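Trainee: I would like a close look at one part of this model, namely the enclosed space inside it.

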Amino acid sequence: MNILDYEYDSRFLPLNMEEMKIKGYDQPDFVYVIGDAYVDHPSFGHAIISRVLELNGYKVAIISQPDWKDENSICIYGKPRLGFLVTAGNMDSMVNHYSVSKKRRSTDAFTPGGEMGKRPDYATIVYCNLIKRKFKDSPIIIGGIEASLRRLAHYDYWSNKLKHSILVDSQADLLIYGMGEKAIVEIADALDSGIAARDISFVNGTAYLAKDIDNLYDYIELPSYNELLEDKLNYARSFNVQYENTDHYTAKILVEQYGEKKYVVQNPPAKPLTESEMDRVYALEYARDYHPSYKKLGGVPAISEVKFSLVSNRGCYGGCSFCALTFHQGRMLQTRSHASIIHEAEKIIWDPDFKGYIHDVGGPTANFRHKACEKQKKYGVCKNKQCLFPKPCSNLVVDHSDYLELLRKLRELPKVKKVFIRSGIRFDYLMADKNDEFFYELCQHHVSGQLKVAPEHVSDNVLRLMGKPENSVFNSFCENIRR
């Protein structure tokens, strides 16, 4: 890639050696290897992590979609001062590549021009092994959805096998699971102070490999990998323990053994971001677009859905039994302030491509805007009880007033024609609200052709297994929509 082939934009972090020189970097502190195209927008995990590091004084250079068949593709900046960061991208690379019927997808929305095949299968492992061959002594920290959900032994649908923790196969030094803003800064500061990567065993929201567990206390030892292979029930038991230890208030250290002297140790989750911390993350100086070198290739399709959307929350206490959110973002809801969201909206409405439509204001569940109950603020989430299933908990606070107020403020902004909600409404939570005000304004102002909800099934037996409300709740919701 030659910088003369496109118009350089100083808002972006370096994507090649020429841009790094223009930035004035002699050597990057971190080289960030990503399986996606480089999009500097807060809907992309690599953008948030790199900007948070930059805020804390670290120099980050990006290698986007390196050619895994060429070892030199990982060497364009040489050896970083502190280490390599690796992520497969915003999606698990196997989900990115294959449909549920295991047929190869034809396009990749996270690659310039939608071109398929610019990253390998199991991208995190492949990238890490590539780095290990060229920079044996350089620390490697992995993260993102692929690493997060494969942090312990897991069933791999694509190969129909039980696979090791991704730490074992990738040879990475540390794994950050969940939302990594706090963990990455703590790790960077530790490396910068001279602590070896192998000794960074104290950061919440991380997992690491250990030769022994003599120094651990108050931990839970999961069935070993060999025990998981021997009996599927052991896997179910292990999964249940993991599920019960996803909340930072109550979670313990989890240990999984591989052979005689190899353990994967998972520390408790990092604390969720406070409102002010989350506001700070979304206030960073993102370019809010894909890197200019992609323009001649047709741009990056994934930006179109999020460029004019606003994230208002993280986490979900819906507790659906098939959903990975509990393991990645957690059940504790995190929100941004109205001022933060309005400030971001005031940026996007002056974008030349803005046509008057804010595409979404939401998150994993759009109409969640506060913690499920007052008890969560002191004790965390319940281990053996769900907030909405099989019926809404008696302690559940059902209140749409804050979300409604936010939507009204956004509708009043200049140049805004419509504010849509596309990220999904939890309809059983909506039906539990005795005040219909939000329901009416939702239908009147915020539906873009279709309203996204997830009834999932019509059979009550299946719905019960999925952790979803019985079908009568959805039917009542539909009746309310019609009237």
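How much space lies in the largest cavity?

Mentor: This is a predicted model, in which local features need pLDDT of at least 70 and side-chain atom pairs count only at pLDDT 80 or more, while totals for chains, interfaces and linings use all residues. Residues are numbered from 1 along each chain as its sequence is written, and side-chain values use heavy atoms, with hydrogens and water left out. The largest cavity holds about 300 Å³ of space, where a cavity is a set of points, on a 1 Å grid over the protein atoms alone, at which a 1.4 Å probe fits but cannot get out, and a volume is the space filled by probe spheres set on the points, joined across faces, edges and corners. Its lining, made of residues with an atom within 4 Å of a point, comprises 25 residues, of which Pro269, Ala270, His328, Gln329 and Gly330 are the closest to the centre. Two elements give two or more residues to this lining, helix 7 (181-192) and helix 12 (325-328), helices being DSSP runs of H or I with at least four residues, numbered from the N terminus; helix 12 gives the most, with 3 residues. By character, the lining of the largest cavity divides into 8 nonpolar, 11 polar and 6 charged residues, with Ala, Val, Leu, Ile, Met, Phe, Trp, Tyr, Cys and Pro counted as nonpolar, Asp, Glu, Lys and Arg as charged, and the others, Gly among them, as polar. In total there are 2 cavities of 30 Å³ or more, and the second largest has a volume of about 50 Å³.

How values were computed. On a 1 Å grid over the protein atoms alone, a cavity is a set of points where a 1.4 Å probe fits but cannot get out, and a pocket is an open set with protein on both sides within 12 Å along at least five of seven lines; lining residues have an atom within 4 Å of a point.
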